[in-house]
Amino acid sequence: MFSLIRLAMRNVGRNRRRSILAFVSVAISLSVIVFAQGFVSGFVQSFVKNATKNDAGHIRIAAKKFEERSRFLPVTYTVPRPDSIIRAIERDPAVAREIELVSPRITFGVLLSNNGLNKSALALAGDPEKEKNLLLLQKSILPGGRYLSGPRDLILGSALAKNLRYRVGDTVRMMTSGSDYALHLKKFVIVGLFSTGMNVFDDRMLQIGLSDAQDLLRTGDAVQQIIIMLKNYRNADMVANRIRAGISDTSICVTSWTHIGDTYTTVVLVTRIYEWIYVVIALLGAFIISNIMMMAVLERRKEIGILKSMGFRRSQVLIMFLVEGMALGFVGSLAGVALGGASVAIFHAYGLDLTAYMSRISIPLDNVLYPTIGAANIIYSVVLGTVLAALVSVAPARQAAGMNVVDAIKSV
Amino acid sequence: MPLLDIRNVKKEYRKGDKSVTALSGVNLAIEKGEFLSIVGPSGSGKSTLLNIVGCLDTPTSGSVLYNGRELGGLSEQQLSDYRRDNIAFIFQSYNLIPVLTVRENVELPLVIERKYSKAEMAQKALAVIESVGLGGMADRLPKELSGGQEQRVAIARALVKDPLVVLADEPTANLDSTTAEDVISIMQRMNTERATTFVFSTHDLRMERHAKRIITLRDGAIEKDERRQ
Ligand SMILES: Nc1ncnc2c1ncn2[C@@H]1O[C@H](COP(=O)(O)OP(=O)(O)O)[C@@H](O)[C@H]1O
Ligand SMILES: [Mg+2]
């Protein structure tokens, strides 16, 4: 076995030009794959963040009863003393290093009326400063308006405002039932209109400050949810488990985005599709190995005959050629991964600015993507390149193994 | 009991509706330690006979017995293993694996036997390389050797595992006559020193005189079977 591998390795070095051709081809396809993986994971990171940011975040801490009825957004089941929970989370270094942002929130439905026009809307109330990094609505305020800065400030989706004939400076009388089941009224002033280009925001969303919402809804210091955003969406389940273990109150529940809504299904689907695309790209790169091995088998017919006349078994000849093909794939994959990894690192450092294309994209994304890559991507890619190289070598190797000795020896 | 007992071996090749008879009923018994030459014009069936004796090819009818044992029903893998353990071949040319050195080429039969340590293999290989007169060339690659040296390496590789029989199909056909004589006399010396059985074919009448027994083939049949002292 050992010397079979040695023999195969010598054969790799035999026709330099051809081996280099195989090497370059595999390296190029693998670097494309690794770069695509980096891009896709940056894209998914951004997608998950944006798809969850006005909903449950990567992780949501809420009352169990709220979680059971979350689609109705009840304000009656709250998390008491959110500050102490947040402090506890930030004290655990294993959790703290994963976290990008923690924001306590109340989200509720309201009916807005103006000039006899009615529209239902979704009110998002959080710490305005923290929400600058999460909802990012300050970036989409239309000229003539501004972002939230004090009590009773309200910003409103531009399409929603248009439907209700609201303008900046108008007063909004918001009436809704609070956590005490009684109806309460509070007046707000529209300080700005936002236009994000995304219908979910512009058609039905408004943002106010958390303390205004707590006052309107009579929740006291309690909040409805604590939203946590992570640096890496993939770690959500792990971090959620860790946080859950640290909370003794059994009426509180910690839920990862993978268990809320259908964002997770979408991400899994996208990831699956890309995995197949990677396989196709890797196959294209490995295909040349198949041709090269085919040529090698034809060229070495006499040698194969001699080895078989010496008592080499069919399986040994097969292994010898498979190892040769695999070695070409492995070395090419390593180089490709290094190249792809380096380009991901560069783009990760500088970011990929997609602002120019954003207006044409209807899915929620950040303007700047940061491609990322992990050890799992690298291992996956090297294994993929090597395994496919072995697979495409099966046909030539079988041809060699099945060669008739007498015919093989006659050929020169 | 003869070492090799060839009984009424026939071989026919079919080409479309025409059939070519390569061997038409060959009977031949070879004893251990013989140095036997098969002669005959091109196309007389020498290669076919050697290939059948070496289990590379199967007869259309008849049988070959090795030490009284018939190998007719063996699987491909069992035949591979039988060749590995008992038979060695030397061909007309390009016998060596070009990416391996002389020593590695000679070690190859031992490597696939998987019975010896690295050191034992190296020692056996170097000894037999020395005995065919190539001491000092163990680390050369085949492309650095002359035709005669290549054939000597092929002899060394054949002998390294002490086979039952060495089958050589026109081993001197690509050599000039002095080198050819050299190669045959090395085979002859190995036959005397080690009592290894050699069967070699040639169509060069000058080579025959080294043989102790000469079989003449014509049109796939034995025409003459002469012994010399
Ligand atoms: N694979 C084959 N197909 C058809 N005919 C063959 C084949 N191999 C050998 N022959 C024929 O068998 C006969 C014997 O050939 P061979 O054993 O090679 O003779 P030699 O080695 O004495 O020159 C020749 O007529 C040859 O044409
Ligand atoms: Mg011949």
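Visitor: Which residues do ring pairs link into a cluster in chain A?

Guide: Keep in mind that this is a predicted model. A search of the whole structure turns up 8 aromatic pairs over all chains. In chain A, ring pairs join three residues into a cluster: Tyr233(A), Trp257(A) and Tyr264(A).

Visitor: What kind of aromatic pair do Tyr66(B) and Tyr82(B) form?

Guide: Their ring centres sit 5.2 Å apart, inside the 6.5 Å limit for a pair. The planes make an angle of 65 degrees, and over 60 counts as edge-to-face. So Tyr66(B) and Tyr82(B) are edge-to-face.

Visitor: Where in chain B do those two tyrosines sit, and how many residues apart are they?

Guide: Tyr66(B) belongs to strand S4 (residues 61-66), while Tyr82(B) is in helix H2 (residues 76-86). The pair links distant parts of the chain, and the separation is 16 residues.

Visitor: Is Tyr82(B) buried or exposed?

Guide: The cut-off for buried is under 20% relative accessible area. Its partner Tyr66(B) has 3%, so Tyr66(B) is buried. Tyr82(B) comes in at 11%, so Tyr82(B) also counts as buried.

Visitor: Back to chain A: what is its radius of gyration?

Guide: The C-alpha atoms fill a box of roughly 100 × 45 × 30 Å along the principal axes. For a compact globule of 412 residues you'd expect something near 22 Å. Chain A instead has 30 Å.

Visitor: And how much of the chain A contact set comes from residues 24 or more positions apart?

Guide: Chain A has 16 helices and 11 strands, and 52% of its residues count as buried. Take the contacts with a separation of 6 or more: the share from residues 24 or more positions apart is 78%.

How values were computed
Residues are numbered from 1 along each chain as its sequence is written. Chains are lettered from A and ligands numbered from 1 in the order in which they are written. This is a predicted model: local features need pLDDT of at least 70, side-chain atom pairs count only at pLDDT 80 or more; totals for chains, interfaces and linings use all residues. Side-chain values use heavy atoms; hydrogens and water are left out. Helices (H or I, at least four residues) and strands (E, at least two) are DSSP runs, numbered from the N terminus. The radius of gyration is taken over C-alpha atoms; the globule rule is 2.2 Å times the number of residues to the power 0.38. Buried means under 20% relative accessible area, exposed over 50%, partly exposed in between (1.4 Å probe, protein chains only). Contact means heavy atoms within 4.5 Å. Rings of Phe, Tyr and Trp (its six-membered ring) pair if their centres lie within 6.5 Å; planes under 30 degrees apart count as stacked, over 60 as edge-to-face and the rest as tilted.
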